[in-house]
Amino acid sequence: MAAQFQLEIITPTQVFDEGVVDYLRAPGVDGAFGVMAGHTASIMALDVGEIKVVKGKVEAIYAATKGFAEITESGVQLLVESAEPKADIDLPRAQEAFDRAKDLLSRKQDESVDEARAEVALKRAMNRLRVGGK
């Protein structure tokens with residue numbers, strides 16, 4: 001691998017082709033991990049969290065959901081359920097999702113509430129608020 005590598009962030013509806021990058025930090029299920037040129041090839045499971053991409057002195061930040069990272073000699077592909085660039089995050093909408101999820105979790109004794117789904121929604125909303133608020 002050269003001193004840089006190719007990066008694509010792929011969702012079911014969109015591809016973010018970051019091109020040649022210097023560094024990537026992604027949210028693994030066992031904690032955040034970084035990738036630089038020359039990283040060992042691997043496949044890693046991703047959790048909800050922040051993706052940070054560094055190209056020279058420019059950083060790009062995404063709020064992302066679960067997926068997988070495929071790291072090869074030629075580059076990295078992140079296959080995720082969704083990814084949203086920081087600049088595109090609608091903070092009022094994220095706050096509404098957060099409030100809705102908190103409300104559902106406060107009523108988890110109610111049999112109509114899907115607690116697991118509400119917890120995932122809360123985690124995604126918190127991530128979007130954190131990334132969008134930076």
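**View 1. The two sides of helix α1.** On the face of α1 that is turned away from its buried side, you will find the exposed residues Pro92, Arg100 and Ser106. Please keep in mind, here and in the other views, that this is a predicted model. The buried residues of α1 include Ala94, Ala97, Ala101 and Leu105. These four cover an arc of only 70 degrees around the axis, which puts them on the same side of α1. Part of the cover over the buried residues of α1 comes from α2, residues 115-132.

**View 2. Helix α1 from end to end.** Helix α1 takes in 16 residues, from 91 to 106. How far apart are its end C-alpha atoms? They are 22 Å apart, and this agrees with the expected span, because 16 residues at 1.5 Å a residue should span 22 Å.

**View 3. Strand β9 and its two partners.** Strand β9 (residues 75-80) pairs with β1 (residues 5-10) in the parallel sense, over five bridges. To find your place in this pair, look for Ile10, which stands opposite Leu79 of β9. Strand β8 (residues 67-71) is also joined to β9 by five bridges, but these two strands run antiparallel. Here Gly67 stands opposite Val80 of β9. Follow the chain from β8 to β9 and you pass through a hairpin of three connecting residues.

**View 4. Glu81, in the loop after β9.** Glu81 sits in the loop between β9 and β10. Is Glu81 buried or exposed? Its relative accessibility is 54%, so Glu81 counts as exposed, the cut-off being over 50%. Even so, Glu81 has partners: leaving aside neighbours within four places in sequence, it is in contact with Thr11, Pro12, Thr65 and Lys66. Val48 makes a useful landmark too: Glu81 and Val48 are 33 residues apart in sequence, with their C-alpha atoms 9.5 Å apart in space.

**View 5. The largest pocket and its lining.** The largest pocket holds about 490 Å³ of space. Its lining is made up of 25 residues, and those nearest its centre are Arg93, Ala97, Arg124, Ala125 and Arg128. Which elements give two or more residues to this lining? They are β7 (58-64), β10 (83-85), α1 and α2. The most comes from α2, which gives seven residues to the lining. You may recognise Ala97 from the first view: this residue is buried in α1, and it is also among the residues nearest the centre of the largest pocket.

Technical notes:
Residues numbered from 1 in each chain as written. Predicted model: local features only at pLDDT ≥ 70, side-chain atom pairs only at ≥ 80, totals over all residues. Heavy atoms only, no water. Expected span 1.5 Å × (residues − 1). Buried < 20%, exposed > 50% of the residue type's maximum accessible area, 1.4 Å probe, protein only. Arc of directions from axis to C-beta. Contact = heavy atoms within 4.5 Å. Pairing = 2+ DSSP bridges. 1 Å grid on protein atoms, 1.4 Å probe; cavity = no way out; pocket = protein on both sides within 12 Å on 5 of 7 lines; lining within 4 Å. Points joined across faces, edges and corners; volume = space filled by probe spheres on them.
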